[in-house]
Amino acid sequence: MARPRAADQLSGPLHWWTARDLAAAIRRRELSTREVVAWHLDRIEEVNPRVNAVVSLRPDEALADAEAADRRAPRAGERLGPLHGLPIAIKDLEDTAGIRTTYGSTLFADHVPVADDLVVARLRAAGAIVVGKTNTPEFGAGSHTFNEVFGTTRNPWALDRSAGGSSGGAGAALAAGLLPIADGSDHGGSIRNPASFNNVVGLRPTPGLVPAGGDGDVWEVASVVGPMARTVGDLALMLTAITGPDARSPLSHGDPSSFTGDLHGDLDGLRVAWSPDVGGLPIEPDVSAVLEDARARLAACGCEVEDVALDLPGVDEAFETLRAVGFVRSFGPMLPELRRAAKATIIWNVEQGLGLDGAAVARAIAARADVFRAVAGLLERFDVLAAPAAQVVPFPAELEYPSEVGGVAMPHYLGWMRACSRITVSAHPVAAVPAGFTPDGLPVGLQLVGRFGDDRRLLAHAAAWEAAGGHTARHPPSCVHDQ
């Protein structure tokens, strides 16, 4: 690739630049949108066959959109959108007008929506250039990205390992330098798990900060949409485009301008509640070792770190019951088709929901309220709660899911994700950040849980840790070598 003229001011190839730097260079006309999009399309062409992160690629249309963006001159008093000129690929669970959207299912292999989902419409309005979609598990079920339409997404840090899920395509694309930003969605850990597996960052926001469109449950608090990137500052940049109220989303809130500017956080004096096992869960020794090093680094940076034993009665039952209810709402009418075409875990989850009674749902709702109050109470004494973002390191890509963790058998395909799903039930915002690497070079991530509704402050804490840890500056080795 030819070196763009703006590369003289910033080091390294464009695919490792932050989204903020790329957007600023485009605004100053040191780079054109076409240069940036073409560079990333070339990067995708070279690297994506190895990782299979970006699907339904639309290079010609993306370049045409980029050229149109370069021709666009803002009217008097108008500013270019915050993501103007930045390439993005949309998670294949979100509808994209005129672009194939499969939900990772053979039942929708040829589906082309006529309208954008709300988050996609906001990203386009902010100036982002859609180059394609990112791969996801079938209907987003499970934290390992594989399906019968596009195959398996592989981890750029070790191509024989999982990239996580369900935003695994997004996580792998960021880690491999295919995209500067990506959208994700998170129910049981679908932003946090791939962030951990790929050494990138993500935010599971307070419910409603990023409003969800479509025909889903408008009162849903477990499933949220959020940003993913390689730096915390780029998460904030993306939030300026996708946050804010929408009349179709009664929980929606937030002011995009609150995420502008630099994030200023300080670890000195930060009160950290340290939960190494999220209430007694099995954790692989390699994960625990990396997290112990991270705990020591936090303390060395002046944090007041205190071990806490989370006591969240009924939390797993609450998550799994309410998830099963959601599966009935979303997939119950499709069950005959699913029996012919879907993976067994999806059918199992629908059947779990169909077997519930009112008393089970009532218990789950009551437990959810208790978990929220417990975490909110803890965060009255502490600034953040820190916990593993995954109980395992990236596992072999040919497995559907880990059947055991640390020698403990998992009850079902959701069992190994409880480090994340337990936090989901609390409805608090979570920043997923890199914690370090195993001796074999596999990434390990950390959840930083913040106070409900205080996502900006949480990102400031995450940015302070990012600066202290330095892990986000590290990129995968030989499998994604620079040109």
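Reading a sheet and a cavity

Guide: In this predicted model, an open sheet of eight strands follows the order β8-β10-β9-β16-β17-β13-β11-β12, with mixed pairing.

Visitor: Which strands are the edge strands of this sheet?

Guide: An edge strand pairs on one side only, and here that applies to β8 (181-186) and β12 (304-307).

Visitor: By what angle, on average, are neighbouring strands of this sheet turned against each other?

Guide: The average is 30°, with direction ignored.

Visitor: How many bridges join strand β11 to strand β13?

Guide: There are three bridges between β11 (residues 271-274) and β13 (residues 384-388), and these two strands run parallel. Within this pair, one may look at Trp274, which stands opposite Ala386 in β13.

Visitor: Which strands does helix α7 lie across?

Guide: Helix α7, formed by residues 232-242, lies across β8, β9 (201-204) and β10 (224-229). Its direction is at about 135° to β10.

Visitor: Let us turn to the cavities. How many of 30 Å³ or more does the structure hold?

Guide: A cavity is a space where a 1.4 Å probe fits but cannot get out. The structure holds five cavities of 30 Å³ or more, and the largest has a volume of about 50 Å³.

Visitor: Which residues line the largest cavity?

Guide: The lining consists of Ala141, Gly142, Ser143, His144, Phe146, Lys343, Glu400, Tyr401, Tyr413 and Trp416.

Visitor: How do the residues of this lining divide into nonpolar, polar and charged?

Guide: Five residues of the lining are nonpolar, three are polar and two are charged.

Definitions and conventions: Residues are numbered from 1 along each chain as its sequence is written. This is a predicted model: local features need pLDDT of at least 70, side-chain atom pairs count only at pLDDT 80 or more; totals for chains, interfaces and linings use all residues. Side-chain values use heavy atoms; hydrogens and water are left out. On a 1 Å grid over the protein atoms alone, a cavity is a set of points where a 1.4 Å probe fits but cannot get out, and a pocket is an open set with protein on both sides within 12 Å along at least five of seven lines; lining residues have an atom within 4 Å of a point. Grid points are joined across faces, edges and corners, and a volume is the space filled by probe spheres set on the points. Ala, Val, Leu, Ile, Met, Phe, Trp, Tyr, Cys and Pro count as nonpolar, Asp, Glu, Lys and Arg as charged, and the others, Gly among them, as polar. Two strands pair if DSSP finds at least two bridges between them. Helices (H or I, at least four residues) and strands (E, at least two) are DSSP runs, numbered from the N terminus. Axes are lines fitted to C-alpha atoms, for helices over the stretch in contact, and angles run from 0 to 180 degrees between N-to-C directions. Contact means heavy atoms within 4.5 Å.
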